[in-house]
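Work through these exercises with the structure open. Try each task before you read its solution.

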Amino acid sequence: MKYIDEYRDGHTARVLSERIRDIVTRPWTLMEICGGQTHTIVKSGLESLLPKEITLAHGPGCPVCVTPLELIDKAIAIASRPDVIFTSFGDMLRVPGSSKDLLSVKAEGGNVRMVYSPLDAVKIAQQHPDTKVVFFAVGFETTAPANAMSVWQARKLGLKNFSILCSHVLVPPAMEIILSSPSNMVQGFLAAGHVCTVMGYEEYIPLAEKYKTPIVVTGFEPLDILQGMYMAVKQLEEGRYEVENQYSRSVKREGNVAARKLLAEVFETTNRKWRGVGEIPNSGYKLRESFSDFDAETIFEVAHIETQESPLCIAGTVLQGLKKPHECPAFGVQCTPEHPLGAPMVSSEGACAAYYHYGRMHAQSNLHKAV
Amino acid sequence: MNNEPMKNRSAEFSCPIPITDYKNILLAHGGGGKLTHQLIQKMLLPQFRSKLLEPLHDGAIFSINGSRLAFSTDSYVVNPIFFPGGDIGELAVNGTVNDLAMCGAQPLYLSVGFIIEEGLPMEDLWRVVLSMEKAATVAGVELVTGDTKVVDRGKGDKIFINTSGIGIINEGIEINPRNASVGDKILINGAIAQHGIAIMSVREGLEFETQIESDTAPLHGLVQAMFDVSKKIHVLRDPTRGGVASALNEIAENSRVGIVLDEGKISLTEEVRGACEILGLDPLYVANEGKLLAFVVPDEAEKILSAMKNHPLGKDSAIIGEVVNDYPGTVVMKSKIGGSRVVDMLSGEQLPRIC
């Protein structure tokens with residue numbers, strides 16, 4: 001398939017991993033930011049191609065993983081109301097809140113629907129003028145423009161029954177939290193290609209300079225990621241710390257200007273809680289005052305809902321690459337993919353879930369050899 | 001606040017409900033993944049346990065007066081009832097025919113139960129009936145007994161169909177999901193994920209340049225062609241809901257063996273691959289209705305493969321993996337790029353990813 005196969009070629013992958021092997025002289029810890037990248041790494045088994053000097057820390061860039069427990073509880077409170085059609089991207093439906101997930105709300109009779117685009121939710125609002133339609137607007141800078149567009153469209157159409165439950169998060173503040181931690185282990189970043197497609201990469205330049213850490217804007221196919229790693233390792237070995245763009249077929253320095261303009265019109269930055277990490281200043285978007293008629297949190301009066309994360313979960317240290325998932329006492333015991341206590345066990349892209357599956361393979365393999 | 005009385009009441013039951021994780025049935029309990037598995041293992045198997053049920057095969061296999069028979073049942077609730085490449089009637093016949101074929105049986109007789117929602121257009125029912133008649137003729141089976149029920153509008157979804165079937169197993173055929181053995185080659189008769197994507201594209205209103213059609217087909221002819229060249233087939237399974245990944249996980253667990261798949265050997269049509277890329281779905285977990293997985297002894301694999309390729313339903317057959325000694329109960333895939341990963345059973349429904 002065009003535009004896909006050329007980025008998944010096994011021969012080129014071996015060449016790239018050899019190149020990394022050739023230049024690496026000592027241990028380096030790299031972090032890929034985006035859950036989509038983690039997904040590719042896990043799905044293609046890329047870690048098995050890397051030299052032992054390279055350690056990968058899976059970053060906090062999975063929207064499913066970082067959406068805080070209390071926001072899921074807010075979503076559940078809204079979705080349980082009889083006068084509401086609650087719409088969401090598919091994979092948010094299974095994320096457990098403190099007592100249940102959105103799929104359980106559906107099973108109990110709630111009108112919960114999966115949509116592929118927030119604009120589909122706007123369409124549903126047009127078709128059901130007597131019902132309140134809410135869209136669960138989560139995600140990073142990547143999904144923000146489409147979510148902003150849904151609000152913008154709803155206003156243009158004069159819809160009074162459409163709103164969004166907004167929990168947008170932003171990448172650079174999370175990177176800064178990781179880099180500024182005294183115990184930080186991450187020495188180089190693969191920045192999220194699609195986030196930068198929207199935002200450009202100028203905002204990463206001060207981060208790279210301040211923390212003397214190379215940042216490579218990287219795509220999502222296996223060869224993209226291997227090349228991004230090669231570029232980051234090369235910088236580290238040469239003592240450079242620049243922002244480089246591996247994903248030039250999609251990312252421009254200034255990003256998507258039209259999308260950024262829309263974002264600035266609809267959203268403003270705000271403090272956000274991150275699941276497993278806590279509150280990070282200016283790390284998210286909320287609707288501007290001029291769009292507050294579309295803010296589900298106000299309309300349905302759920303702002304007061306507060307939920308504590310599980311005290312057993314060490315997600316924060318895992319997401320910063322300080323601890324490996326299996327070093328957590330709850331790992332695989334109280335915390336499994338069916339009953340996740342924290343962010344990285346929730347999505348298949350999360351670090352703990354990835355370790356859970358891999359650990360199983362290696363544990364059984366060793367067991368077998370021992371017998 | 002008010003949950004205490006409930007707790008006390010539940011203590012009165014002599015048999016507590018064995019699944020306490022969920023108070024209600026979720027769609028995922030019918031999705032063919034982990035929750036379905038749990039439902040069967042915790043609620044159904046302990047209560048209905050018997051020697052014949054225990055293997056949890058596509059059907060029960062037993063002998064009566066020296067004849068070995070297979071008996072199987074399945075219900076069909078597909079929405080929409082008409083979809084590209086087939087309809088619920090054809091699916092209901094082929095599905096049970098295939099369950100019998102996966103027991104190594106020659107399907108003979110089917111029963112059919114209709115549950116029809118009040119208001120279903122008579123014309124739609126007629127289309128379904130004609131389609132079942134045609135499918136039965138093609139498969140060479142007879143519909144010999146049946147039942148019809150009508151439920152209030154809103155209490156069903158147009159039409160649900162249950163079919164059960166009986167087939168006869170020939171001498172020398174020994175199929176059992178526990179028989180997968182180290183060294184066995186794993187064969188499949190073509191490109192995967194057609195049915196699930198065909199259904200999803202209609203249901204979600206997705207449009208592609210070419211229409212993706214369901215692969216629904218009766219597989220017993222293909223199975224017969226395989227047995228004609230070799231009886232050394234250990235396991236047969238049609239990877240329906242839950243897809244190839246779930247079917248292989250069940251077999252790996254039942255046989256206590258490891259399975260290694262070769263991603264490069266598993267074929268997908270361009271359209272299905274494109275749809276899966278766009279939706280963020282893994283085709284390994286998407287349903288098939290005209291595919292079979294066969295575990296065969298390595299020496300006979302090539303012979304069986306060429307017999308499959310000579311059959312109209314097996315032109316694109318391939319050897320996609322093998323059974324190994326390592327990591328019993330686990331399915332591992334060697335990726336095209338040269339890495340490897342675990343292909344796990346799904347925890348719930350496969351849902352499109354955000355990004």
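**Exercise 1. Find the atom distance in the salt bridge between B:D58 and B:R237.**

Step 1. Recall the rule: a salt bridge is a side-chain nitrogen of Lys or Arg within 4 Å of a carboxyl oxygen of Asp or Glu. Side chains of opposite charge can pair when their charged atoms come close.

Step 2. Read the distance. The side chains of B:D58 and B:R237 meet at 3.7 Å, N to O.

Step 3. Keep the source in mind. This is a predicted model: local features need pLDDT of at least 70, side-chain atom pairs count only at pLDDT 80 or more, and totals for chains, interfaces and linings use all residues. Residues are numbered from 1 along each chain as its sequence is written, chains are lettered from A and ligands numbered from 1 in the order in which they are written, and side-chain values use heavy atoms, with hydrogens and water left out.

**Exercise 2. Describe the interface of domain 1 and domain 2 of chain B.**

Step 1. Set the bounds. Domain 1 of chain B covers 56-169 and domain 2 covers 185-342. Such bounds come from an automatic or database domain assignment.

Step 2. Place the domains. Their C-alpha centres lie 23 Å apart.

Step 3. Count contacts, meaning heavy atoms within 4.5 Å. In domain 1 of chain B, 23 residues are in contact with 22 residues of domain 2 of chain B.

Step 4. Give the buried area, which is the accessible area (1.4 Å probe) that two parts lose on being put together, summed over both. For these two domains of chain B it is about 1,900 Å², and carbon and sulfur atoms give 60% of that. B:P84, B:N98 and B:M102 supply 31% of the area that domain 1 of chain B buries here, more than any other three residues.

Step 5. Add the pairs. The rule finds 1 salt bridge across this interface of chain B. It also finds 6 residue pairs in polar contact, both residues at pLDDT 80 or more. A polar contact is a pair of N or O atoms within 3.5 Å; within protein, one must be able to donate a hydrogen and the other to accept it, and residues adjacent in sequence count only if both atoms are side-chain atoms.

Step 6. Name the main element. With 7 residues, α3(B) gives the largest share of the side of domain 1 of chain B that touches domain 2. Helices (H or I, at least four residues) and strands (E, at least two) are DSSP runs, numbered from the N terminus.

**Exercise 3. Which counts come to 0 between domain 1 and domain 2 of chain A?**

Step 1. Set the bounds again. Chain A has domain 1 (1-309) and domain 2 (315-370). Their C-alpha centres are 21 Å apart.

Step 2. Check the contacts. Here 27 residues of domain 1 of chain A meet 20 residues of domain 2 of chain A. The buried area is about 1,800 Å², with 65% from carbon and sulfur atoms.

Step 3. Now the pairs. There are 0 salt bridges between these domains of chain A. Residue pairs in polar contact (both at pLDDT 80 or more) also number 0.

**Exercise 4. How many residues of chain A are in contact with chain B?**

Step 1. Count both sides. The contact joins 46 residues of chain A to 38 residues of chain B. The two chains bury about 3,800 Å² between them, 58% of it on carbon and sulfur atoms.

Step 2. Look for charged pairs. The rule finds 2 salt bridges across this interface. B:E277 and A:R8 meet in a salt bridge at 2.9 Å, N to O.

**Exercise 5. Which parts of chain A does the salt bridge of A:K74 and A:E297 tie together?**

Step 1. Read the distance. The closest N and O atoms of A:K74 and A:E297 are 2.6 Å apart.

Step 2. Locate the residues. A:K74 lies in helix α4 (residues 69-79) and A:E297 in helix α13 (residues 296-299) of chain A, so the pair ties together parts that are 223 residues apart in sequence.

**Exercise 6. Which residue of β11(A) is the bridge partner of A:T270?**

Step 1. Pair the strands; DSSP must find at least two bridges between them. β10 (residues 267-274) and β11(A) are antiparallel over 7 bridges.

Step 2. Read the partner. A:T270 is bridged to A:G284.
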